[in-house]
Amino acid sequence: MPAVEGWFTLEEPAALLGSRCDTCGTCAFPKAAFFCGNPTCDGTTFTEVPLSRGGKVWSFTDARYQPPPPYMATEPYAPFAIAAVELAEEKMVVMGQVVAGVGVDDLRIGMDVELVIETLYEDDDHEYLVWKWRPCD
Ligand SMILES: [Zn+2]
């Protein structure tokens, strides 16, 4: 089950779910509900849309401390990388954990990454899933 409900699809290929303003077409993630992200637009209705499944690394950082949800990590806590990725089509920046085994030394600004769904953590009943970024090559 998704660790955060309604933020991404679970079908293959997985995609983040954003919103597109019905008035001006501005996309948002997480989804806009009441206000358009475009300051010159007064649109208040939005359509759910799947977002680009890939983009380019815009910035990245090393999470050396336990971050807040939904960036929960393994126990015991192991550092991982978080990347801010500019989506190919929407040109907006979406943060996400980088897949296990890829550290900041493996990342560079402008590299292509794609969206994957991985287990965030599990308990006795469920696996909780979250999106992560994986370098394309
Ligand atoms: Zn708008």
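This report describes the strands of a predicted model and then one loop residue.

## The open sheet

Strands of a sheet pair through backbone hydrogen bonds, and the pairing can be parallel or antiparallel. One sheet in this model is open and is formed by three strands in the order S2-S1-S3. Its pairing is antiparallel. The edge strands are S2, residues 27-28, and S3, residues 46-50. Each of these edge strands pairs on one side only.

Strand S1 covers residues 17-21 and is joined to S2 by two bridges. S1 and S2 run antiparallel. To find this pairing in the structure, start at Ser-19, whose bridge partner in S2 is Ala-28.

## The barrel

Five strands close into a barrel, and their order is S4-S5-S6-S8-S7. The pairing in the barrel is mixed. From one strand to the next, the twist averages 40°.

Two strand pairs within the barrel order are described below, and S6 takes part in both: S6 pairs with S5 and also with S8.

## The S5-S6 hairpin

Strand S5 spans residues 80-87 and strand S6 spans residues 93-98. Five bridges join S5 to S6, and the two strands run antiparallel. Two residues help to locate the pairing. Ala-84 has Met-95 in S6 as its bridge partner, and Glu-86 has Val-93 in S6.

S5 and S6 form a hairpin, with five residues between the two strands. Lys-91 lies in the turn and has a positive phi of about 60°.

## The parallel pair S6-S8

Strand S8 consists of residues 127-135. S6 and S8 pair in the parallel sense, over two bridges. For Val-98, the bridge partner in S8 is Trp-133. S6 therefore takes part in both senses of pairing, as strands may pair either way: it is antiparallel to S5 and parallel to S8.

## A residue in the loop after S6

Asp-105 sits in the loop between S6 and strand S7, which covers residues 112-122. Is Asp-105 buried or exposed? Asp-105 counts as exposed because it has 8 C-beta neighbours inside 10 Å, and a residue with 12 or fewer falls in that class.

How far is Asp-105 from Asp-62 in sequence and in space? The two residues are 43 residues apart in sequence. In space, the C-alpha atoms of Asp-105 and Asp-62 are 9.7 Å apart.

Definitions and conventions
Residues are numbered from 1 along each chain as its sequence is written. This is a predicted model: local features need pLDDT of at least 70, side-chain atom pairs count only at pLDDT 80 or more; totals for chains, interfaces and linings use all residues. Two strands pair if DSSP finds at least two bridges between them. Helices (H or I, at least four residues) and strands (E, at least two) are DSSP runs, numbered from the N terminus. Axes are lines fitted to C-alpha atoms, for helices over the stretch in contact, and angles run from 0 to 180 degrees between N-to-C directions. A residue is buried if 20 or more other C-beta atoms lie within 10 Å of its own, exposed if 12 or fewer, and partly exposed in between; C-beta atoms are placed from the backbone.
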